[in-house]
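Which contacts between side chains hold the interest of a structural biologist who opens a new model? The report below takes up aromatic rings, nonpolar cores and charged groups in turn.

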Amino acid sequence: MSDTLHRVRMRIAERDYRFSSNAYDKLDELGIDGTDVLSGIGRARVVEDYPTYGKGPCVLVLQETQSGPIHALWGFVKQTDRPAVLVTVYRPDSKRWSEDYMERR
């Protein structure tokens with residue numbers, strides 16, 4: 001398992017997380033409740049892990065929501081380990097992703 005995802009899960013369990021303004025906008029645009037994203041983090045699957053990303057470690061995960069699958073990008077500000085930040089969410093496009101949304105085409 002990804003260390004980044006593990007730390008995200010820990011921070012969410014501790015209620016030490018926040019949503020970026022972009023994430024709020026995307027959730028609203030897609031009609032997804034943020035609590036649905038939070039409650040599904042335990043079942044999230046790592047799509048891509050970026051532990052050394054320049055702005056801070058982040059991880060792209062596939063999550064199931066009540067309204068269907070989403071990709072959620074979670075991360076941390078560089079040189080910090082809290083809070084976990086939901087950077088953005090989107091519905092994966094089947095033209096750009098494999099059938100299971102785990103690999104880019």
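What follows describes ring pairs, cores and salt bridges, with the terms explained where they first appear.

This is a predicted model, in which local features need pLDDT of at least 70 and side-chain atom pairs count only at pLDDT 80 or more, while totals for chains, interfaces and linings use all residues. Residues are numbered from 1 along each chain as its sequence is written, and side-chain values use heavy atoms, with hydrogens and water left out.

**Aromatic rings**

A search of the whole structure gives three aromatic pairs; rings of Phe, Tyr and Trp (its six-membered ring) pair if their centres lie within 6.5 Å, and planes under 30 degrees apart count as stacked, over 60 as edge-to-face and the rest as tilted. The rings of tyrosine 17 and phenylalanine 19 have centres 6.0 Å apart and planes at 35°, so this pair is tilted. Phenylalanine 19 also pairs with tryptophan 74, edge-to-face, at 6.4 Å centre to centre and with 70° between the planes. Because phenylalanine 19 lies in strand 1 (residues 17-19) and tryptophan 74 in strand 4 (residues 68-75), this second pair ties together parts that are 55 residues apart in sequence; helices (H or I, at least four residues) and strands (E, at least two) are DSSP runs, numbered from the N terminus. Phenylalanine 19 and tryptophan 74 are both buried, where buried means under 20% relative accessible area, exposed over 50% and partly exposed in between (1.4 Å probe, protein chains only). Tyrosine 17, by contrast, is partly exposed at 30% relative accessibility. One aromatic cluster is formed by Tyr17, Phe19, Tyr24 and Trp74.

**Nonpolar cores**

A nonpolar core is a set of buried Ala, Val, Leu, Ile, Met, Phe, Trp, Tyr and Cys residues joined through side-chain atoms within 4.5 Å. The largest has 20 residues, of which Trp74 and Leu86 touch the most other members. Two or more residues each come from helix 1 (3-13), helix 2 (21-30), helix 3 (34-39), strand 3 (58-65), strand 4 and strand 5 (84-90). A second, separate core has seven residues, including Cys58, Leu60, Leu62 and Met102.

**Charged groups**

How many salt bridges are there? The count comes to seven, a salt bridge being a side-chain nitrogen of Lys or Arg within 4 Å of a carboxyl oxygen of Asp or Glu. The table lists some of them.

| Salt bridge | Closest N to O |
|---|---|
| arginine 7 and aspartate 81 | 2.5 Å |
| glutamate 14 and arginine 11 | 2.9 Å |
| glutamate 14 and arginine 82 | 2.9 Å |

The bridge between glutamate 14 and arginine 82 links distant parts of the chain, with glutamate 14 in the loop between helix 1 and strand 1 and arginine 82 in the loop between strand 4 and strand 5, 68 residues apart. Through shared partners, salt bridges join Asp3, Arg7, Arg11, Glu14, Asp16, Asp81 and Arg82 into one network. Within this network, arginine 11 is buried at 6% relative accessibility, whereas glutamate 14 is partly exposed at 42%.

Aspartate 36, which lies in helix 3, is buried yet has no salt bridge, and the nearest side chain of opposite charge, arginine 43, is 5.8 Å away; here Lys and Arg count as positive and Asp and Glu as negative, while His and the chain ends are not counted.
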